Structure formats: structure tokens, C-alpha cells
Protein chains: 2
Amino acid sequence: MNHPKLKLTYWDLPGGRGEPARLAMTIGGIQFEDHRISFASWPEIRSSAPFHACPFLEVDGYTIAQSNAIVRYVGKLAELYPEDPWQAALCDEALDAVEDMWVKLGATMGLKDEALKTAREALVENAYKHYLTVLAKRLADAGGEYFADKRLTIADLQVMVMCRALSSGTLDHISKGLVQEVAPSLHDHMKRVLNTPAISDYYSRLMAAK
Amino acid sequence: MNHPKLKLTYWDLPGGRGEPARLAMTIGGIQFEDHRISFASWPEIRSSAPFHACPFLEVDGYTIAQSNAIVRYVGKLAELYPEDPWQAALCDEALDAVEDMWVKLGATMGLKDEALKTAREALVENAYKHYLTVLAKRLADAGGEYFADKRLTIADLQVMVMCRALSSGTLDHISKGLVQEVAPSLHDHMKRVLNTPAISDYYSRLMAAK
């Protein structure tokens with residue numbers, strides 16, 4: 001299949017909203033320009049970014065934004081998205097739930113000291129514990145290994161990237177043991193997805209390039 | 001085609017995040033239980049709602065949440081979602097952009113007086129004007145009539161519902177002339193979508209039932 005010319009612009013980070021699309025294209029062997037930008041370059045780039053948001057994807061020169069639209073599109077090219085509407089709905093629900101989690105995390109960014117502590121503790125108690133619990137239930141209902149279609153889909157990539165961020169210890173006032181404590185099956189899922197050969201190779205190459 | 005048993009739970013409002021799914025099922029002639037709830041009943045319902053969110057959809061007894069996952073699923077049943085991956089990406093980008101707009105509006109809910117005024121004015125200036133401009137450009141790029149696939153899709157329903165809310169005059173400090181002023185093509189699109197027979201019939205029946 002001939003794929004269009006793809007260029008993904010996103011932060012030079014090994015995670016975040018743009019990472020699942022990078023992983024999907026890597027797993028699917030789909031050539032793309034991996035345009036990694038620094039935070040410092042954002043003021044210059046922002047005005048040309050649709051919805052002033054990052055990531056964005058150029059497809060044969062036309063640029064779209066919205067991380068879930070992007071990952072669903074490249075997920076279809078990479079055959080990592082269910083064809084069955086109900087399995088696709090389960091995949092989509094997980095994508096959107098994780099997007100909620102990024103939005104809620106984003107609302108605490110920029111806060112400092114006590115305000116950050118209070119907001120992050122509330123985020124964990126009032127939202128993240130519940131989200132992780134529901135996602136763990138979804139995983140169990142779907143058979144325990146993958147979120148949809150009994151195979152790796154973009155939902156697994158999206159949830160893994162979020163759980164990896166939460167477990168990194170780099171988010172102030174979010175215990176890096178949170179996922180393991182609240183939803184051990186998601187922690188196992190994260191490790192399993194990270195051990196997928198195409199993904200472990202990708203992160204090895206990324207580490208080696210630093 | 002035999003559809004599963006569907007029950008959509010959402011506020012008893014003629015708009016909002018759950019409305020595009022109602023419209024899609026109505027247009028597609030898909031039977032569903034239209035479970036309309038009051039804000040007063042929410043504390044009782046909340047604990048059983050996945051991600052503590054509304055709308056949610058029961059499909060043969062299994063409940064999923066996330067409004068865009070729901071509208072994409074019922075949109076496929078109703079044949080209001082593109083099969084072509086790129087057209088689907090354009091549809092999805094519009095869905096997610098409107099979801100952003102709901103999230104940003106939600107962040108101003110509960111504010112009062114001067115704080116509400118300041119937040120809503122910033123919302124319009126810093127986000128909504130840009131979002132409406134990008135959406136209007138997308139509509140023009142897609143041919144001017146529909147957002148994707150050169151036919152009515154769930155993207156048109158979603159954008160119409162948002163533009164209708166913004167143009168209702170019921171959102172404090174958001175001028176009901178905003179859409180018409182910033183993106184007249186979106187205002188025309190809204191009127192055109194509302195004049196789709198299945199949609200105008202739906203709102204006539206809803207008004208008559210009040």
C-alpha cells in the first residue's frame with residue numbers, strides 16, 4: 001500500500017500526546033518524518049499550528065491537529081485500529097479517557113508550591129484513581145491482555161504512554177507507585193507493551209541517540 | 001442490519017456533548033432508548049457512570065462513556081462516518097476540536113460575576129475565535145458544505161451543536177453573534193444542518209413535547 005507523505009511535529013520527548021502516533025507508525029513500518037521540536041521553538045511554530053496545538057501531522061502537505069485524530073489515522077495505516085465498530089468503540093473510549101487525563105494534568109501545569117501540591121493531590125484522589133480503576137476494568141473485560149480486538153491497538157499505546165508518565169516519578173506530587181498500587185494490571189500491561197519488540201527497539205534507539 | 005440494544009443517558013437538554021449521538025441515531029433511523037436525566041438526579045447516577053461522565057451508552061447492557069467514542073460508534077451504525085481513513089481523520093479532527101471547546105467552556109463553569117466575565121472574554125479572544133476560524137477553513141477546504149466525505153457526517157452534527165450553543169445567547173459573556181461574525185460560513189452550515197429534514201423534524205417533536 002502506498003502511504004501519503006507524513007510529517008509529525010511534536011516535542012522532543014519520549015512520551016506525551018504525540019508519542020502513540022510515533023509508536024504506531026514505527027510498529028507499522030510506516031515511513032514518516034519525525035519532526036521533534038523544543039519548547040523554545042514553540043512561540044515561532046505556534047501561529048502555524050492548527051488550534052495552536054501540538055502534535056500536528058502533515059499528510060501530503062495538508063496539516064491536521066488533534067492527537068487522537070492523528071493516532072487513529074496513522075493507526076489505520078499501521079493496522080493497529082479495529083475494523084469492527086464495537087471493538088473500535090472500546091479502543092476509542094480508552095483513547096478519549098487518556099486524553100481526559102492529559103487535560104486534567106494540563107490544568108495543574110504552571111501551578112507552584114502549595115497550589116501545585118493541592119491540585120495534584122486532588123487530581124489523583126478525585127480523578128486518576130477512578131480513571132485507572134475503570135481502565136483496569138476495561139482491560140479485564142476485554143480479556144486482560146489488550147484493550148480491544150484481542151490484539152495490540154492504538155488504545156494499548158495510548159494507555160501505556162500515560163501509565164509510563166505517571167510511573168516515571170517526574171510528575172511532582174504524583175507517586176510513581178500510583179499505577180502499580182491502584183491498577184496493577186495496567187502496570188503489567190505497560191511492561192508487556194513496552195516489551196513488544198518494535199517498541200523496545202524504538203526506545204533503545206532513542207536512548208542510544210541521546 | 002440488526003443493531004444492538006442501545007440506551008443513551010444524557011441531560012434533558014437539546015444540545016451538549018450527548019446531542020450529536022441522539023441526532024445521529026435519529027437520522028439513521030436507529031432505535032434507542034433516549035434516557036434523559038435531570039441535573040438533580042446526577043449525584044445518584046454519577047457513581048455508576050464510567051469516568052463519572054455523561055453521556056454514557058449502554059450497548060446490549062455494557063456501558064461505555066466518552067462522547068466522541070459514543071458518537072463515532074453510533075455514527076458508524078447510522079452510516080454517518082467516513083470509511084476512507086483520511087476523510088475519517090478530517091471528521092475526527094473536527095470532533096476533537098469541538099470537544100476541546102467544551103472542555104474550555106467547562107473550565108469557566110461555576111465562576112461568578114467578574115471572574116466569569118474575565119474568563120469568558122479570554123475564552124473567546126484566546127481560543128474560540130481561533131477555533132472557529134480554523135473550523136471555517138476546514139469547511140472551505142472540504143468543499144464548503146460538509147466537513148468530510150462531501151456528505152453529512154457526525155462532524156457536521158458536532159460542529160452544529162457547538163455553534164448552536166454559542167449562538168443561543170444563553171452563555172453569559174459570549175455574544176450570540178460570535179459565530180456569525182467570526183465564521184459566517186459556520187453559521188450558514190449550522191442553519192443548513194438544522195434544516196436537514198430528519199433534524200428539523202426532531203427539534204419540532206422535541207419542542208412539541210415540552
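What follows walks through a predicted model, from one chain to one helix and then to the contact of two copies.

Start with chain A. Its secondary structure comes to nine helices and four strands. Along the sequence the order is β-α-β-α-β-β-α-α-α-α-α-α-α. The radius of gyration of chain A is 17 Å. The globule rule gives 17 Å for 210 residues, so chain A is as compact as a globular protein of that length. Along its principal axes, the C-alpha trace of chain A spans about 45 × 45 × 35 Å.

Now look at how chain A is filled. Of its 210 residues, 42% count as buried. Contacts between residues far apart in sequence carry much of the count. Among contacts in chain A with a separation of 6 or more, 71% join residues 24 or more positions apart.

Helix α1 of chain A deserves a closer look. It covers residues 19-27. Eight of its nine residues are buried, so α1(A) is largely enclosed by the rest of the structure. The buried residues are E19(A), P20(A), A21(A), R22(A), L23(A), A24(A), M25(A) and I27(A). What do they pack against? Two strands of chain A take part, β1 (6-11) and β2 (33-37). So do three helices of chain A: α3, α6 (154-166) and α9 (197-209). After the helix comes G29(A), with a positive phi near 65°.

One of those partners can be followed in detail. Helix α3 of chain A spans residues 67-77. Its axis lies 9 Å from that of α1(A), and the two helices pack at an angle of about 5°. Angles under 35 degrees count as roughly parallel. α1(A) and α3(A) are therefore roughly parallel to each other. From α1(A), the contact uses P20(A), A21(A), A24(A) and M25(A). Facing them in α3(A) are I70(A), V71(A), V74(A) and G75(A). By class, this contact has seven nonpolar residues, one polar and no charged.

Turn to chain B. Its helix α1 (residues 19-27) packs on α3(B) at about 5°, with the axes 9 Å apart. That makes α1(B) roughly parallel to α3(B). P20(B), A21(B), A24(B) and M25(B) meet I70(B), V71(B), V74(B) and G75(B) here. Seven nonpolar residues, one polar and no charged make up the contact of α1(B) with α3(B).

How are the two chains related in space? A rotation of 180°, with 0.0 Å of shift along its axis, superposes chain B on chain A. The RMSD is 0.0 Å. The two copies are thus related as by a two-fold rotation axis. In chain B, V103(B) has the C-alpha nearest that axis, at 4.2 Å.

Last comes the contact between the chains. It takes 25 residues from chain B and 25 residues from chain A. On the chain B side, four elements give two or more residues each: β4 (62-65), α3 (67-77), α4 (85-106) and α5 (113-141). The largest share, nine residues, comes from α4(B). The side of chain B that touches chain A has 15 nonpolar, four polar and six charged residues. Does chain A offer the same surface or a different one? Of the interface residues of chain B, 100% are also interface residues in chain A, so the copies meet through the same surface.

Key. Residues numbered from 1 in each chain as written. Chains lettered and ligands numbered in written order. Predicted model: local features only at pLDDT ≥ 70, side-chain atom pairs only at ≥ 80, totals over all residues. Contact = placed C-beta atoms within 7 Å. Nonpolar A, V, L, I, M, F, W, Y, C, P; charged D, E, K, R; others polar. Rg over C-alpha atoms; globule rule 2.2 N^0.38 Å. Buried ≥ 20, exposed ≤ 12 C-beta atoms within 10 Å, placed from the backbone. Axes fitted to C-alpha atoms, helices over the stretch in contact; angles between N-to-C directions. Parallel < 35°, antiparallel > 145°, perpendicular 65-115°, else oblique. Least-squares fit on C-alpha atoms with pLDDT ≥ 70 in both.
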